[in-house]
Amino acid sequence: IPRPHVYRYFSSRDDLDAEDVRLAAHDLNSCLRPHLTRRGTPSHVVEGLVLACATWADGHPHLYRFLAARGQSRTLHRARMGRSRLLDEIAEAARGYTNAAPSTFPEGILVGVMGLVDATIIWWLDQRDETLESMAKRLSRHVLLLLHDALADRGIDLDPDAELAPFTAYKAKVDPEG
């Protein structure tokens, strides 16, 4: 497409990049969102999210790298548009799974966890040194260790064998039909 045609629709390269990020984040979020309302052990819930993210990244490696390159801070999350909404949804779902008050749940740790997930998946995309499933299982264990430690620091016990149910108000907001 000739450059003048592109700039009829976008005022700048940043504007074009922002639209790419918005569309890619929306697609990724659509794949992850159903996993935020699943019942299961902490391991089951986290593995579902990590595997869905890794599977999307495997199908869209360049877009995933593009999204991950946008950074993890709140300011940069706004630039990622849909990704900031996903962080908010993950934080709300995590509070619902753990019954933690908003002020006690370590939302900041979720930003670090997303960075860990992004970095690990990008490494895997570049190396392909193990199967998608084994990488997702390993990464899920790392995420669970971080979450367990962060929650324990705040007096929230995360029983690894307990079946967690999503917070019903969150589920109603995401899935109004139940």
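Which residue with a positive phi follows α8? That residue is Gly-155, with a phi near 75 degrees. Keep it in mind while we walk through the rest of the chain.

First, a word on what you're looking at. This is a predicted model, where local features need pLDDT of at least 70, side-chain atom pairs count only at pLDDT 80 or more, and totals for chains, interfaces and linings use all residues. Residues are numbered from 1 along each chain as its sequence is written, and side-chain values use heavy atoms, with hydrogens and water left out.

The chain has nine helices and zero strands. Here helices (H or I, at least four residues) and strands (E, at least two) are DSSP runs, numbered from the N terminus. Of the 178 residues, 39% count as buried; buried means under 20% relative accessible area, exposed means over 50%, and partly exposed is in between, using a 1.4 Å probe and protein chains only.

Back to α8, which covers residues 132–153. Its 22 residues reach 32 Å from first C-alpha to last, close to the 32 Å expected at 1.5 Å a residue (the expected span is 1.5 Å times one less than the number of residues). Among its buried residues are Leu-132, Met-135, Leu-139 and Val-143.

Now hop over to α3, residues 42–59. This helix has 18 residues and reaches 26 Å, close to the 26 Å expected. Its buried residues include Leu-49, Ala-52, Cys-53 and Trp-56.

Those four turn up again where α3 meets α2: they are met by Ala-24, Asp-27, Leu-28, Cys-31 and Leu-32 of α2, with contact meaning heavy atoms within 4.5 Å. By class, this contact has eight nonpolar, no polar and one charged residues. (Ala, Val, Leu, Ile, Met, Phe, Trp, Tyr, Cys and Pro count as nonpolar, Asp, Glu, Lys and Arg as charged, and the others, Gly among them, as polar.) How do the two helices sit? They pack at an angle of about 140 degrees, with axes 9 Å apart; axes are lines fitted to C-alpha atoms over the stretch in contact, and angles run from 0 to 180 degrees between N-to-C directions.

Two cysteines, Cys-31 and Cys-53, belong to that contact. Yet a search of the whole structure finds zero disulfides, a disulfide being a pair of cysteine sulfur atoms within 2.5 Å. Why no bond for Cys-53? Because its sulfur is 9.3 Å from the closest cysteine sulfur, in Cys-31, which is too far. Cys-53 is buried, at 6% relative accessibility, whereas Cys-31 is partly exposed, at 33%.

Methods:
Nonpolar A, V, L, I, M, F, W, Y, C, P; charged D, E, K, R; others polar.
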